[in-house]
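Student: I would like a close look at a single part of this structure, a helix, together with enough of its surroundings to see how it is placed. Could you take me through it slowly?

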Amino acid sequence: MWDARGCARDVEPGATPLIAVGTVTALYRYPVKSMLGEPLVAVVVNRTGLSGDRTHAVLDETGAIGSAKHPRKWGSLLGCRSRVAEDDTVEVELPDGTAFTAGDPDLDARLSKLLGRQVRVSASAPDHSRLERAVPEYEGGVPDAVRASASVDGTGEKITVGRVASGTFFDFGRVHLVTTSSLTTLRSAHPASDFDPRRFRPNLLVDTGELPAFAEDSWQGGRLRVGEALFRVLVPTPRCVVPTLHHGELKADPGIMRAIAREHRVPVYDLGRLACFGVYLDVLEPGAVRLGAAVTREDES
């Protein structure tokens with residue numbers, strides 16, 4: 001059966017009606033925070049997100065967690081690539097193509113040279129860890145109250161300081177979803193900018209066909225079935241400077257976030273209207289997800 005918008009509904013007796021919203025067209029995970037990640041054909045989603053996603057991060061001696069959200073300090077991490085090997089160890093490929101296993105002192109030494117200070121790759125977030133974010137100039141880049149509390153650090157960058165989710169290297173939601181409908185609209189509105197989905201570091205890229213741009217905003221608080229896994233949609237994803245930076249073969253594009261700030265500023269909790277793209281998800285039921293998996297949401301009407 002189909003509803004008025006042409007969306008398929010599950011009408012089995014006693015079942016919660018489901019609305020088909022698309023299919024998974026790309027899967028990504030990022031074993032080391034703020035490094036390039038790896039595309040996947042299939043992955044197991046557990047309670048903490050995609051298996052192998054953001055299990056490690058680069059830390060410095062001050063307790064700061066390596067995040068390209070502070071590009072002057074950590075932007076070089078986007079020239080490195082991380083992946084999960086067949087034996088479940090995490091491997092890091094440096095910009096020169098050499099690869100090391102996380103935990104190898106030679107990797108820490110090479111990363112320290114790359115970043116210009118002593119760092120190490122860690123699989124656990126210390127209690128005193130800090131997450132630093134550059135404050136963008138465009139309106140909607142950070143809440144006004146946060147902007148007012150920012151300070152200039154030793155790099156000359158105006159930053160804010162916060163924390164990751166307790167015991168993890170996630171900033172907030174455990175899974176990040178982006179839709180093709182929203183990407184298509186942004187490309188059409190701002191053809192000079194490169195809206196490659198990899199800039200936004202999604203876990204799930206969903207082909208939403210003819211759905212309108214930013215339809216995912218309306219899913220907030222609802223439940224989303226992706227393959228075998230079930231998610232709760234938490235909130236639209238506030239964007240930082242990372243999508244504008246150089247990512248592997250993707251060149252820096254400072255117009256990306258100004259375009260999003262013009263096209264899509266929405267309320268996020270009590271933080272005001274922020275420039276958002278994509279949605280954060282939390283895991284309700286673990287399960288496997290594959291390319292081509294159906295994405296459906298519960299009809300709460």
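**A helix and its surroundings**

Tutor: Let us begin with the whole chain. For 301 residues, a compact globule would have a radius of gyration near 19 Å, and the chain, which is a predicted model, has 19 Å, so the two values agree. Along its principal axes, the C-alpha trace spans about 60 × 45 × 35 Å. The secondary structure of this chain comes to 5 helices and 20 strands, and buried residues make up 52% of the 301 residues. If we take the contacts between residues at least 6 apart in sequence, 70% of them join residues that are at least 24 apart.

Now to the part you asked about, which is helix H2, formed by residues 105-115. Which residues of H2 are buried? They are Leu 107, Asp 108, Leu 111, Ser 112 and Leu 115. Seen down the axis of H2, these buried residues fall within an arc of 135°, and so they line one face of the helix. It helps to recall that an α-helix has 3.6 residues a turn, so residues three or four places apart point the same way. On the other side of H2, Pro 105 and Lys 113 are exposed.

What covers the buried residues of H2? The cover includes one helix, H1 (71-74), and several strands, namely E5 (57-60), E7 (90-93), E8 (99-101) and E9 (119-122).

The two ends of the helix also deserve a look. At the start of H2, a side-chain oxygen of Asp 104 reaches to within 2.8 Å of the backbone nitrogen of Asp 106. After the helix comes Gly 116, whose phi is positive, near 80°.

For comparison, consider a strand, E13, which consists of residues 175-179 and is mostly covered, with 5 of its 5 residues buried. In a regular strand the side chains alternate between the two faces of the sheet. In E13 both faces are covered, since Val 175, Leu 177 and Thr 179 are buried on one side, while His 176 and Val 178 are buried on the other. Where H2 has a buried face and exposed residues on its other side, E13 is covered on both faces.

The pairing of E13 can be followed residue by residue. Strand E18 (residues 273-285) runs antiparallel to E13 and is joined to it by 3 bridges, and Leu 281 in E18 is the bridge partner of Val 175. Strand E14 (residues 204-207) pairs with E13 in the parallel sense, also over 3 bridges, and here Leu 204 in E14 is the bridge partner of Leu 177.

Finally, a single buried residue shows what a polar side chain may have around it. Glu 38 lies in strand E2 (residues 38-40) and is buried, with a relative accessible area of 13%, which is under the 20% limit for that word. Its side chain makes a polar contact with the side chain of Arg 29, at 2.7 Å, and a polar atom of the Glu 38 side chain lies 3.0 Å from the backbone nitrogen of Val 84. Leaving aside residues up to four places away in sequence, Glu 38 touches Leu 27, Tyr 28, Arg 29, Pro 31, Ser 82, Arg 83 and Val 84.

Technical notes:
Residues are numbered from 1 along each chain as its sequence is written. Side-chain values use heavy atoms; hydrogens and water are left out. Helices (H or I, at least four residues) and strands (E, at least two) are DSSP runs, numbered from the N terminus. Buried means under 20% relative accessible area, exposed over 50%, partly exposed in between (1.4 Å probe, protein chains only). A polar contact is a pair of N or O atoms within 3.5 Å; within protein, one must be able to donate a hydrogen and the other to accept it, and residues adjacent in sequence count only if both atoms are side-chain atoms. Contact means heavy atoms within 4.5 Å. The arc is that of the directions from the helix axis to the C-beta atoms. The radius of gyration is taken over C-alpha atoms; the globule rule is 2.2 Å times the number of residues to the power 0.38. Two strands pair if DSSP finds at least two bridges between them.
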